[in-house]
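Hi,

Here is the structure I promised to pass on. Please have a look at it first; my notes follow below.

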Amino acid sequence: MNNVNSLECTTTRGTEAKRRRPRDRLGSRRETRGDLQSADTTATGDTVDKSAEKPDAEAPLRSILEPPTSDVGDVDREQPTETVLVLGSGYAGTGAIKRLEARLDENAVLTWVSNVEHHLLLHETHRLIRNPNAREWITVPIEEIKQPETRFVHGEVTNIDTAERAVELDDGSTIGYDYLVVALGSRTAFFGVDGLEEYALTLDSLDDALAIHDALEAAMDGASEDDPARVIVGGAGLAGVQCAGEIAAFRDGHGASLEITLVEGHAHVHPNNDPELQGRIRKQLRERDIELETGRFVRGVDETMVHFEDEGELEYDVLLWTGGITARHTVEMLPGDIEHRHRVPVSSTFETGDDRVFTVGDSAFIPGEGDPMPPTAQAARQAAAVAAENVVRTMRDRPLETWSYEDRGTLVSVGDATIAHDVTGIPLTTFGGPAARFLKRTVTAVWLARVASLTRAIRIW
């Protein structure tokens with residue numbers, strides 16, 4: 001990937017001015033942390049240091065998840081208590097919490113804030129479209145993830161005041177911090193298309209996925225072979241492809257009269273990717289009687305019609321939009337020129353304009369040629385480990401790590417089929433069948449074992 005380290009990054013820390021104490025109006029009692037864990041503990045979602053040159057029994061599966069990091073040296077246990085605050089419980093937020101729990105010592109208080117009380121396996125959320133009971137394995141309660149010493153606060157972030165080092169929540173409370181990790185994720189981008197936000201369903205959350213299921217059931221009830229319900233999925237990236245495949249599985253499982261159309265403005269599905277992978281995806285979609293409309297950009301939407309820039313139109317009963325994402329509005333309060341779909345520009349150390357604030361995942365963007373931090377689960381997990389490590393290094397005045405994205409392959413589901421492409425450590429370029437399905441499920445299981453438990457991981461089988 002070109003220019004992933006295009007910004008010059010600080011690698012050493014001088015003596016800082018005396019730190020201000022954070023104001024925490026949710027409670028003045030300070031908790032202390034337990035014993036420092038080993039840096040290479042696998043339950044943290046982290047791999048061991050490559051410099052140790054130990055054989056990796058889980059390779060190549062382990063390599064899909066997390067990059068290695070190195071030790072930061074001895075802990076100075078005479079330092080005053082400081083608060084590290086993490087916002088968000090997606091892949092980046094959860095990964096950052098697990099790394100910080102392993103790396104911080106008893107002189108730090110770790111607080112975790114999220115607007116939901118679970119970690120959602122967003123790359124598997126499409127499964128709920130067919131089977132709402134899948135929520136039992138694609139959501140992990142926060143209490144199963146965090147250590148007892150980590151404080152969790154359920155709330156929506158409404159303001160980030162970097163001058164006061166404080167985060168405001170929707171209930172009016174304020175949490176102070178010394179160091180902040182922003183991993184608030186993304187929301188659907190509508191690109192100013194008239195009517196799109198008003199009429200389209202989205203897939204940003206657990207509730208969104210369940211709403212899609214309910215909409216399909218309602219459409220199915222009023223449909224017949226002579227008058228089938230029409231379902232349009234806008235956007236043929238991985239999210240759109242997987243949703244269309246799951247809708248087809250729902251149709252086939254219920255014997256429903258549904259016509260499914262996948263619409264993409266670019267010329268190919270999964271735009272700007274390997275033609276071999278695009279061809280495999282297209283083949284799987286056609287085998288499931290999913291109509292493809294490529295090269296058609298949406299101009300507007302009303303209650304029953306999707307209107308295209310080429311003046312054509314399609315009628316729909318259910319419209320699902322997966323055509324892009326943008327960062328949440330809250331990150332616009334962070335320092336820096338917010339651009340590139342409202343994501344915060346950061347260096348390859350994940351520092352923002354404030355060296356006590358780190359931003360990671362879909363909230364962040366590393367300026368340069370192309371997008372060196374794609375909005376994917378594997379990128380978020382990789383980046384979270386480095387960002388959290390750099391919080392610890394900043395606290396201890398040590399050199400920071402820089403990060404560059406390592407593409408470890410693509411795994412995409414189309415209904416019950418799975419396509420694997422360019423997976424690290426596997427000699428085949430593109431393949432499907434049981435091996436691809438096993439690989440995708442194993443990657444999910446390894447992640448669950450690291451952030452939650454082996455019992456939780458086994459449940460997905």
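**A small set of strands, then the whole chain**

In this predicted model, strand E15 (residues 305-308) pairs with E16 in the antiparallel sense over 3 bridges; strands are DSSP runs of at least two residues (E), helices of at least four (H or I), numbered from the N terminus, and two strands pair if DSSP finds at least two bridges between them. Across this pairing, His307 stands opposite Glu313 in E16. Both strands belong to an open sheet of 3 strands, ordered E14-E15-E16 with antiparallel pairing. At its edges are strand E14 (298-301) and strand E16 (313-315), each of which pairs on one side only.

As for the chain, its secondary structure comes to 11 helices and 24 strands. Of its 461 residues, 55% are buried (under 20% relative accessible area, with exposed meaning over 50% and partly exposed in between; 1.4 Å probe, protein chains only). Among contacts (heavy atoms within 4.5 Å) with a separation of 6 or more, 69% join residues 24 or more positions apart.

One residue you may want to look up is Phe438, in helix H10 (residues 433-451). Phe438 counts as exposed because its relative accessibility is 51%.

On conventions: residues are numbered from 1 along each chain as its sequence is written, and side-chain values use heavy atoms, leaving out hydrogens and water. Local features need pLDDT of at least 70 and side-chain atom pairs count only at pLDDT 80 or more, while totals for chains, interfaces and linings use all residues.

Best wishes
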